[in-house]
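Visitor: I am new to reading protein structures, and I would like to go through one slowly with you. Could we look at the model together before I begin to ask?

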Amino acid sequence: MDLSSGIALAGNPNCGKTTLFNALTGLRQKVANYPGVTVEKKTGRAELPSGPVMVVDLPGTYSLLATSPDERVAMEVLRGLRSDTPPPAAIVAVVDASNLARNLYLLSQLLELGRPLVVALNMTDIAARRGQGVDADLLARHLGVPVIPVVGHRRTGIDALRNALASAQVPTAPNWSLPDGLIAELEVLAQVLRTAGVPAPHCLAMASRFLAGDDAADLAPLVAKAEVAEALEVARDHLAACGVDPEQTMIAARYRWIDSVTAACVRAGPTMAAGAHRTYTERVDAVLVHPVFGLGIFALIMASLFVTIFWVADPLMGVFEGAIAALGTWVTSGLAEGALKSLLSDGVFAGVGAVIVFVPQIALLFGLLAILEDSGYLARAAFLMDRLLSKVGLHGKSFIPLLSSFACAIPGVMAARTIENPRERLATMLVAPFMSCSARLPVYALLIGTFFAHQGALVKGGLVLGCYALGVVVAAATAYACKLFLDRGAVTPFILELPTYKAPQAAEVLRQMWVNTTTFVTRAGTTILALTVILWALAYYPRLDPAQAAAIAAQHASAVPLAAEAEQVRQGDEDHALGQAQLAGSYVGRFGHTIEPLIAPLGYDWKMGVGLIGAFAAREVFVSTMGVVYGVGDVGDNDAPLSVAILADRKADGSALWTPAVAISLLVWFVLAMQCLSTVAVMRRETGGWRWPLLQLVYMNTLAWIGAFAAYHLANAVLGT
Amino acid sequence: MTSVLGSGAIRRRLLEMGLTPGIGVELLRRAPLGDPIELRVRGYLLSLRADQAALVQLTLTAA
């Protein structure tokens, strides 16, 4: 048969579909987005006896009556309703043998699609461990389609599956017995559809889809016809009059059919027959979701996750950054000083470095996430935390993305992919950058170290803690607002399946790390690189007037030859002064002046404005930018010269420019503001457009302005300046 | 279990998850913070928030 339009892998969530996809396609995979939605499209190439074919790994779905964008995409691909994906030539229905009944429900719908189909009976090992033997041959006879037992992670049965696909047939839909009254209504409705132009063989199936409450796109043009809408209304009224609920009746009928199939094909071993024995998973759950031990273990696991991405990733990030910087120096070493050299070292290589620096955190977080998800613990973590987070409109699964955001919002926003519910996922991504990330710490350290150096540890610690707490409180309020105002029409039920515990597969963990890191680098990375180069150009141009540069050099010239050490200091001072003048005269410097009226109410002048603009590259760049602005050079780890320069700065009237109130205002600004172009780039990638990142940028920075304004005036009133 | 109340997508999905009339449902536990709850339905473990679990009508039988 001709499989050139591709095969689709369909199945419930947690049925081992992705492992099977990996086994079928190897590393020849591509991850993209379905146009217009934030659903990942995973495709790969499988070698079949007939030749190579495209395989698409559809999002996990419980039913073809979709309740989320993921499920809608799966349904539309299977029904051939998407212009971006050709209708599949054949379907591999992945069925979890250890959870046969519920998996067969989706299969009962897949059998009606009229496409060639093969069942891959997965996780037979887990079913066997429970003493449930599923007889594949008997099952095949009952379902009327080939049933191939596979163990995805051990790659057994893959060849048999390939062979079965090559000769797959269109199945005959099974016949579940419906009450006579319902059948009569279906037939009447089918007749109306027939006259409305639906081909005869599809009429009855389509009639039952209407009565089952299906709202797929292919039904809409029919409902638009008055006679169909009217017949549907009449059928529903008739059924209601005799107390028949079509949705429940049809679902129950499928499950009765499923019960008869499982009764015939599943040999329950002694453990199941006794019934009193709890499964392995339930025994583990007794500890892992226990009110005391469960929360304790949860805290331990989350603490190690945080330590890993906060501290373990740190030296790796240093190594990556150092390597890129060294490479940049090596590449540009032969070039003359000038625009090209600066573009390469401060634009391109700095941009590449800004992308690469996130790789350790992303790789580690997604490695850990894969372990937690594959093992089945992620669902338990969500189960434990859901109460806390659902109060503000988030999901139990929001916990890890938000926790990760205390290290960095980039992996945090990406980790929100594990949340199926679209509103809860979006809300999580929108509030993640309010968590104080590690890039804010150098800013907090500079401000608190400069202005509160002589205060007790209690005050300093309290200020840091206050910054973290402010972020969390504002995040909670924002999430709650999202709950009230976002997509109120859409209802996605909270269905959290607690899957069977399994040992995570090293190959799958490594694959997750690889796929997520490379997608980040190729998708978000290009945007980050482009934005870094733009930011570079704005600070590099226009060039300092040569006459002015000569004047600065003359100021710093020494009349007498200096000793090597003194000459180095002199040269450093001259470079710092030149850098200061260059930045002040650049577009960034001018823009600092332009926004001064806007930030003056917060207690800032143009120099701080320049720092804020520079901080869009990354928040900690505020510190180094202020170093350049104050002519003390890039301060590195030692803030002291910058602190001195800041404290010495005076306004025109002679009063101190930087006061503790200004510092508090800046702290509030940095807690609340979206100051990170990399986060904007990742938001664009994860939400599939500019709409949400721009909205987030405007929202957070407006909020930051209001917060900093209030903090400045409050601090002035309290501190009495 | 006797029936699922409510209407629309949520009710349909609960039915589709196997909560059909006549089926046995076992309440295993509440989450430590009180919500959601964990059920055993048709041999698998399902967790529902209280507001959705409230739609599921049950008759109690001794375990």
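Visitor: Into which domains is chain A divided?
Guide: This is a predicted model, so what follows describes a prediction. Chain A has 33 helices and ten strands, and its division gives domain 1 (7–166) and domain 2 (180–243).

Visitor: How many residues does each of the two domains bring to the contact between them?
Guide: The centres of domain 1 and domain 2 of chain A, taken over C-alpha atoms, are separated by 29 Å. On the side of domain 1 of chain A that touches domain 2, the residues divide into three nonpolar, no polar and three charged. The contact takes six residues from domain 1 of chain A and seven residues from domain 2 of chain A.

Visitor: Why are helices α3(A) and α11(A) described by the word they are given for their orientation to each other?
Guide: Helix α3 (residues 100–110) and helix α11 (residues 246–265) of chain A pack with their axes 9 Å apart, at an angle of about 125 degrees. An angle over 145 degrees would count as roughly antiparallel and one of 65 to 115 as roughly perpendicular. The angle of this pair falls in neither range, and α3(A) and α11(A) are therefore oblique to each other.

Visitor: Which residues of α11(A) are met by α3(A)?
Guide: The crossing of the two helices is right-handed, and by class their contact has eight nonpolar, two polar and one charged residues. From α3(A) come A:Leu100, A:Ala101, A:Leu104, A:Tyr105 and A:Ser108, and these meet, in α11(A), A:Arg254, A:Tyr255, A:Trp257, A:Ile258, A:Val261 and A:Thr262.

How values were computed:
Residues numbered from 1 in each chain as written. Chains lettered and ligands numbered in written order. Predicted model: local features only at pLDDT ≥ 70, side-chain atom pairs only at ≥ 80, totals over all residues. Axes fitted to C-alpha atoms, helices over the stretch in contact; angles between N-to-C directions. Helix = DSSP H or I, 4+ residues; strand = E, 2+ residues; numbered from the N terminus. Parallel < 35°, antiparallel > 145°, perpendicular 65-115°, else oblique. Left-handed = near helix turned anticlockwise from the far one by under 90°. Nonpolar A, V, L, I, M, F, W, Y, C, P; charged D, E, K, R; others polar. Domains from an automatic or database assignment.
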